[in-house]
Amino acid sequence: MKEFPVSWWLPRRDPDEKIDPVELLFDITFVLAMTQAASLMRHTPGLAGVSQAVVMMMILFYLWHHEVMTSAVATVTAPVMKLFNVLQTGMMLALAVTVPAAFDPWSGWTWGPGLFAATLTVSCAVGAVMNGLAWIGAPHLYRNAALIWLAAAFLAAGTWLSVPAEGTAKIWIMYGTYLAATTVHWSTCLPTYDRIGIGIAPDWQIYGIRVFCDRFDTAYLVACCLALELLEQAGQPARISVPLIALTAFGLGLAYLFYRLGVPISGPARRGMDPRTSTLSLGRSLFLLFSMDFGNSLMASGLVVAANAMRQSVVEIIASDGGAWLGPSAGMNLVAELFGGATVCLLGQAMVWFAGTWRVDWLRVGAAVGFVLAIPLLTGLPALIPVAVMVSGCGLLLVLDSRRARRKVARASAAVRAGLDAARARAKVISPRWRSWRPALRFTGSGHELSTFELLFDIIAAFTFAQIDVLVLTDPTMEGAMRGLLILAVLWGCWVTFVWAANNTDADAGTTRTLHITAILGMVFLGMTMPRAFTQEGLSHRVLLFLAAYLIVRAASAALLWSVKGHTAGMRPVLIVGAAIVTAALIAWSTQVPQEHRIPIWVAGLACELAAAILYMRGWRITAPGHLGERFSFIVLLGLDMSLAGVGTQLNGSTVALPELALIALALVTCTVMWWFYFDLLAPYADHRLTHTHANGTRLAHLFYDLIHFAALAGTIAFGLGLRSIARDLGTTHSHPFGPPITPLVATALGAGLATYLAAIAGMWKQLGRTPRLTTPALIALSLAVIPILTGQPALAGLTLIVTLALTAILAEALNPTARTQRHTLRAELTHQPTRTIEQHPPAAVPVRPHISTTDVDRQFDLLDVNHDGIITWTDFTHLLHRIDTDPVCRRRELGPRAEAAYRQLWNNMRDAMDHNNDHAITRHEYRTYFTSNPTTDASAEQTAPSDTTTLANLIHTHLTHLEHARN
């Protein structure tokens, strides 16, 4: 059977392959471009503005989906594919800047519509080349490739045809162009291949199903968080009013509710499209693909429109100066955008659900109809009332949806539960509802991976990190820079504490999820209050709100440490809260002293934050090395993307010409070089060392993943500060052909930011026991040396100098024989090293599980039930760990961390095998049932092929033998 595609140089995508960081960068930029397209509703009122926004969002989604389909069948590990992905990211960023001017009157080929058409043409050409590279070696599909290239040509030609047109004619030309290109493109999926050689091939399938679905989920998550872009606007007024605080909280609530409503929807469709397990017919597979495509486009587009409405509500509340408690009256357009966007999103979810399950989701359809009917009823009311109704409606929908899911599970396991309840009653076991309160935690194993909830947490944290640039630009002094560094340390310490907790427990379950949500709320209000919190003398209401949000986040991190560690945490949670109170007191004190005495106070606060971080990190073990690497890599990627997004945000609404496009190109090249220094070899090699080096795991985690990554993020934020300042000045000043002069603050941010980032990269290599790249020290020295040269130079000329230095360093790296040998050695080590995680050990002979009588089972249960409450929980193991920590011999031998890892593994195995009702507790009946329902059969068979039951029983038997000896 023929394969699709079969390239002699480019391997196809593996079904379990994860998203590459360069693809994540493109996906986030795509959603930001969709935001600019949706803003056309504000530029042109009425139906014309809606039509312009819809056609622009459809064109952007067409370009993005074309790249997603290509990457779902062919891997992007080849350098040329990564290069084209970076080019597409640059084109998407340029489209984000030029989309607002796409429907302006034509005034030349180098302005507005002409620049948009040129950018779109280049993007279509890059996408066509990527598609051709992926199909090399599949001659039976060349006709399909020709049709896809023809569709790209139609889209580019139609866009150029619409440039001189005006008004309604331009809108109709754009719609006709999109429909023609889409029709030609989707004709390659018709079941006509056997007759005319064009259409869906019999062996067609999406090989990289995980990448395909994860990229849709990532775009949806970023769209969920777009409402938090209002942080920059909410932080600008001199006084934070009650409506502004309430609207910020509502925006966070909508982001979380739409996340909970949308992410589980794609599960059935993902399973149906998996080529390894799918049994669907060709027609059903095509319908599923179309539904995934259009359903996800509706979901993302609806959230983008609703987010724009939220930001417009912030603008109107700021304009009213908080005169009304519930905000100014909401117009028809605002309410229609808010509820119309939510309706479109819910209909997209219903479409994806129907395609995956073949059942209509009447809950979401009914909610969409209710939102439409509510638009005329809520028009003219205060702005907070429609938003509150939206949050309440989504919350009610989530409750009903969760109850429906629980009823399905209950019906499916009614018989099993009835049998367990009867047995529990006969055994006179305490019912779970009468137990004392315990944190509901689910501990992870070595295979734990990055979850969608953690992605949501990181994206919200990135939006908060981006407010550091606004803070420093508000006060461009040494004190402002030191204040920004301290607040960045505060935010980083709060974020990293939850990363380590999520590495040991499931972040989206029980107490851990509740504390994550509490921390998200605190970080959002930190981001809202920080830009102008310290521009006034004395303890203003902004400072008080900032300190309250900071203490909430720190208290949540301390509570998370106690809930995960239990008695083994000792006094660390109390000390962390104490350090946070001292830091808050220092920040409050700094507002009462003269300006020249504030810097030492900020330095003291920074030292308290460092002490709190050290206290928190003591005793943590690396449970899932791959998960830890993904979280830190993703936050660095978000920092780079926020630097690029800041350029697009500052240029939004300004006249777009060649200098603006040149700024985007230079910013993209510089951020790409920074991405290459980290993600080319360092990130995979660090994950490799962290995974395969058991002895140095903790040392690498503390020094490498925490402190040095903080320096890397600080460098990206500083560099983004320089880019944002240049974009702001370039968008408001057009008197200089090469941009306005670079100020000393901007020159320092660009040079020192790049040098700090590269120094962190070099420190990572040294910590890993490897020599840094040969050109890294030289580039660090040059980045610092050009700071006085950049000062006073035109902005574009200064950025060109930085880009030249960076590209020269990469070229020298590529041509140097020693550097090439070093790269080949590292890649060989990554490729040929046998994979063995920290918790895995060389295979050994598994002894046969001995026969255990009922009396022995009860005796074992009594030994494991340390606190004698009739059930076995993680609390019993924490009591055992506390005894180990308090024993002088065990403490001298440092047995605590190893015992904790072993106990966690034993508890996870026992819970998965014995906890039938998923209440995180094992009763005596469940423990006895496990052994009586899995009797030992043939000893020889178990010796040759031991089962999971046998292995777990041996672990319990070995542990109880040592425990009984210790008790005796």
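Select T343 to begin: leaving aside its neighbours within four places in sequence, this residue is in contact with A368, F371 and V372, where contact means heavy atoms within 4.5 Å. T343 sits in helix 14, and helices here are DSSP runs of H or I with at least four residues, just as strands are runs of E with at least two, numbered from the N terminus. With a relative accessibility of 7%, T343 counts as buried; buried means under 20% relative accessible area, exposed means over 50%, and partly exposed lies in between, with a 1.4 Å probe and protein chains only.

Before moving on, keep in mind that this is a predicted model, in which local features need pLDDT of at least 70 and side-chain atom pairs count only at pLDDT 80 or more, while totals for chains, interfaces and linings use all residues. Residues are numbered from 1 along each chain as its sequence is written, and side-chain values use heavy atoms, with hydrogens and water left out.

Stay with helix 14 and select M351, which is found there and is partly exposed, with a relative accessible area of 31%. Add F294, L298 and V344 to the selection, and you have, together with M351, a nonpolar surface patch of about 270 Å². The elements giving two or more residues to this nonpolar patch are helix 13 (282-319) and helix 14 (332-357). Patches are made of residues with over 30% relative accessible area and no salt bridge, where like charges are joined within 9 Å and nonpolar side chains (Val, Leu, Ile, Met, Phe, Trp, Tyr) within 5 Å; the areas come from the Shrake-Rupley method with a 1.4 Å probe, and for residues only the protein chains shown count as cover.

Next, select N308 in helix 13, which is buried at a relative accessible area of 11%. Not counting residues up to four places away in sequence, N308 touches T35, A38, S39 and E337.

Now turn to the salt bridges, of which the structure holds 14; each is a side-chain nitrogen of Lys or Arg within 4 Å of a carboxyl oxygen of Asp or Glu. Select R215 and D27, whose side chains meet in one of them (2.6 Å, N to O). R215 lies in helix 9 (residues 209-224) and D27 in helix 1 (residues 21-38), so this pair ties together parts that are 188 residues apart in sequence. Both R215 and D27 are buried, and if you also select E23 and E67, you will see the four residues E23, D27, E67 and R215 linked in a network of salt bridges.

Another salt bridge joins the side chains of R631 and E454 (2.6 Å, N to O), and this pair links distant parts of the chain, with R631 in helix 24 (residues 625-651) and E454 in helix 18, 177 residues apart. R631 counts as buried at 0% relative accessibility, and E454 does so at 1%.

Finally, follow E454 into its helix and show helix 18 (residues 452-474) beside helix 19 (residues 478-504), whose axes come within 9 Å and cross at roughly 175°. Axes are lines fitted to C-alpha atoms, for helices over the stretch in contact, and angles run from 0 to 180 degrees between N-to-C directions. Helix 18 and helix 19 are therefore roughly antiparallel to each other, since angles under 35 degrees count as roughly parallel, over 145 as roughly antiparallel, 65 to 115 as roughly perpendicular and the rest as oblique. Among the residues that meet here are E454, F457 and D458 in helix 18 and G480, R483 and G484 in helix 19.
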